[in-house]
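Dear colleague,

I am handing over the structure we spoke about, and below it you will find an account of what turned up in it. Please read the text with the structure open beside you.

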Amino acid sequence: MEEFQPSWWLIVTYLLLMFGIGIWAARTRVGRMEDMAVAGRSSGPWLIAFSVAATWINGTTLIGISGVAKDFGLSAYWTGGSFVLATIWMSYYVVPRLRATRIITVPQLFERFYGPRHRLVSLSLIILRDLGATAGVMGSLAVVTSSILNISLLQSLALVGALTLVYVFLGGMWAILVTDAIQFFIVSIGSVALVVFGFLGSGGFSVLQSIEDPEFLGSFGTGGPSQVMAWVIIGISITFGYQSVIQRGLAASSTAAAHKGFLYGGIISTIWYMVPPLIGVLGRALYGADISGDDVFLRMTFGVAGGQLGSIIIVGILAASMSTLDSTINTIASNFTIDIYNRFLNPNASPRKQLWLYRLNVILVGVLAAAIYYVFPLMIELFWLGGRIMGASVAPVVAAMVLFPRVRRAPKTVLGSMLAGASVIILYQVLGSVQEVGTIVVVWTIDPILIGVPFTVSLLAIGTWWETQRHSS
Amino acid sequence: MEPAKTDPQDHKGESYRYDSHELDLMDRVELPRMNPWLSLALLVLAGFAYVWIWGVLLRG
């Protein structure tokens, strides 16, 4: 790893391009807070599609899923594949209907239907998840940067945070949409090249014969059906309430553009999501089962690729992580500004004041995420900790609100379901039985989400029936 | 700079609550005919087929 010399011109050119797009967006596109949050609702389908894909593809998925695949085989696909399949589903059933409400943030939706208490509860649960996700992605980016530059994790966190914050601060959602599209192509080229060179450099498919476990390349992998179903459910449930992705649909110029953007973006990422498991499987074949999960991707990059290709992959990692990080930072900044400042602290703030407060919140969110990762660096588990809580509380409620009119008339049930679902997950996280604590993920005997989601859905169904029956009688 | 598209609803303030007839605003957008949960299950099955195909390919 010490012998690897990245092409600095490539990395610097990439960063200057991102910075330039931030300046362009700030000068020509951003005049008010809505431009920062949802790009003035003026974006076309392809920009949405690549941005959705880039948001789902990040350093955590590249480094983390390839590490998970080293232990669980091809079935590690489901740690990300479930998210993108749910995105395709949302393009038909959720996004068009959410656009009809003209919301910018998900907590806004809760206030319009039920009132401020619901807004605050949903806001807390969403921020818990999004800050965890932001911290996880920032951490994966910092790990790579600290390896390349040979600097400490703290210095690395400060550097990657600053690089991303600059263009989000300047151009908000406009800068994110354009940079995401560019970042998507860089990530695709770098990651696919790593798989191709991995196969070529290791003598083709024959290298996989060294893996003795027959389940490794099976549909359920070494984790078995229970583990795979947990990944499927966690992915689907998180996606239903994933505000960073939902906001892409709200940024579209029309409902048709939002639908197409989600559909195309979902399909592109569904196909791509096999890349990290392939890298992990190859890593296991080349370096053996004893290699640490979080080392697989970097060993492959520095060992198999190297040279110019290694530099492209490094830029790909930067691009993948920055494209997700920028989105989650922007989303939380929109929550801080719209759901807290505009709603409760200063409802009469001038448009200019709102815009600058939004930008300050971008910086605040970046600093908070870096601090969280620094004190709790377990990468993918961090990503999923808040995800499980949100996935068993806000997410099923949002899906139910969109699909079932009676749920929109059951405020007590909605509030109770969110709080009870979150409590069940937190209790299970504390008291549940852990099978194995790995370097990348914690493996549960029964994943908390498999308890939490059915509980919340049952509560929602019974409570809605009871509450709306009572009103109608 | 292009002006952002606005809607009368955007100007109702952050404490705005829907009245009874606005609660079904979302239902004006028609959904596909296929049952949503069936379509989700089919998508997941398609995902399993995708993983299975890769498994077959890699086993040679």
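In which helix of chain A does A:Arg117 lie? A:Arg117 belongs to helix α8 of chain A, and with a relative accessible area of 62% the residue is exposed. Please keep in mind throughout that this is a predicted model. To give a sense of distance within chain A, the C-alpha atom of A:Arg117 is separated by 34 Å from that of A:Ala49, the two residues being 68 residues apart along the chain.

The contact between the two chains

Where chain B meets chain A, 40 residues of chain B are in contact with 57 residues of chain A. Together the two chains bury about 4,700 Å² between them, and 64% of that area is on carbon and sulfur atoms. Of the area that chain B buries against chain A, 17% is supplied by B:Glu14, B:Met26 and B:Leu58, which is more than any other three residues supply.

Polar and charged groups also take part, since the count between chain B and chain A is 18 residue pairs in polar contact, with both residues at pLDDT 80 or more. Sorted by class, the side of chain B that touches chain A has 23 nonpolar, eight polar and nine charged residues. The count of salt bridges between chain B and chain A is five, while the structure holds 13 over all chains.

Salt bridges

One salt bridge is formed by A:Arg119 and B:Glu14, whose closest N and O atoms are 2.5 Å apart. This pair crosses between chains, running from A:Arg119 in helix α8 (residues 116-149) of chain A to B:Glu14 in the segment before α1 (36-59) of chain B. A:Arg119 is buried, at a relative accessible area of 0%, and B:Glu14 counts as buried too, with a value of 19%, because the cut-off for buried is under 20% relative accessible area.

B:Asp24 deserves a separate look. This residue forms a salt bridge with A:Arg408, the closest N and O atoms being 3.1 Å apart. B:Asp24 lies in the segment before α1 of chain B, whereas A:Arg408 lies in the loop between α18 (394-403) and α19 (411-431) of chain A, so the pair joins two chains. The surroundings of the partners can be stated as well: B:Asp24 is partly exposed at 25% relative accessibility, and A:Arg408 is buried at 2%. The side chain of B:Asp24 also meets that of A:Arg409 in a salt bridge, at 2.7 Å from N to O. These residues belong to a network of salt bridges that links A:Arg97, A:Arg408, A:Arg409, B:Asp24 and B:Asp27.

Within chain A, A:Arg32 forms a salt bridge with A:Glu34, and there the closest N and O atoms are 3.8 Å apart.

The nonpolar core

The largest nonpolar core has 171 residues, and those with the most contacts inside it are A:Trp78, A:Trp89, A:Phe110, A:Phe240, A:Phe297, A:Val394 and A:Met418. Helix α9 (residues 153-201) of chain A contributes the largest share of this core, namely 19 residues. If neighbours within four places in sequence are left aside, the residues in contact with A:Met418 include A:Phe110, A:His118, A:Val121, A:Leu125, A:Val394 and A:Val397.

A polar residue can be looked at in the same manner: A:Ser91 is placed in helix α5 (residues 78-93) of chain A and counts as buried, at 0% relative accessibility. Apart from its neighbours within four places in sequence, A:Ser91 is in contact with A:Pro96, A:His259, A:Phe262 and A:Leu263.

Two backbone angles to check

Most residues other than glycine have a negative phi. In A:Ala39, however, phi is positive, near 50°; this residue sits in the loop between α2 (33-38) and α3 (45-56) of chain A and is buried, with a relative accessible area of 0%. A:Arg102, likewise not a glycine, has a positive phi of about 60°. A:Arg102 lies in the loop between α6 (95-99) and α7 (106-113) of chain A, and its relative accessible area of 17% makes it a buried residue.

With best regards

Technical notes
Residues numbered from 1 in each chain as written. Chains lettered and ligands numbered in written order. Predicted model: local features only at pLDDT ≥ 70, side-chain atom pairs only at ≥ 80, totals over all residues. Heavy atoms only, no water. Contact = heavy atoms within 4.5 Å. Buried area = accessible area lost by both parts, 1.4 Å probe. Salt bridge = Lys/Arg side-chain N within 4 Å of Asp/Glu carboxyl O. Polar contact = N/O pair within 3.5 Å; in protein donor to acceptor, adjacent residues only side chain to side chain. Nonpolar A, V, L, I, M, F, W, Y, C, P; charged D, E, K, R; others polar. Helix = DSSP H or I, 4+ residues; strand = E, 2+ residues; numbered from the N terminus. Buried < 20%, exposed > 50% of the residue type's maximum accessible area, 1.4 Å probe, protein only. Core = buried A, V, L, I, M, F, W, Y, C linked by side-chain atoms within 4.5 Å.
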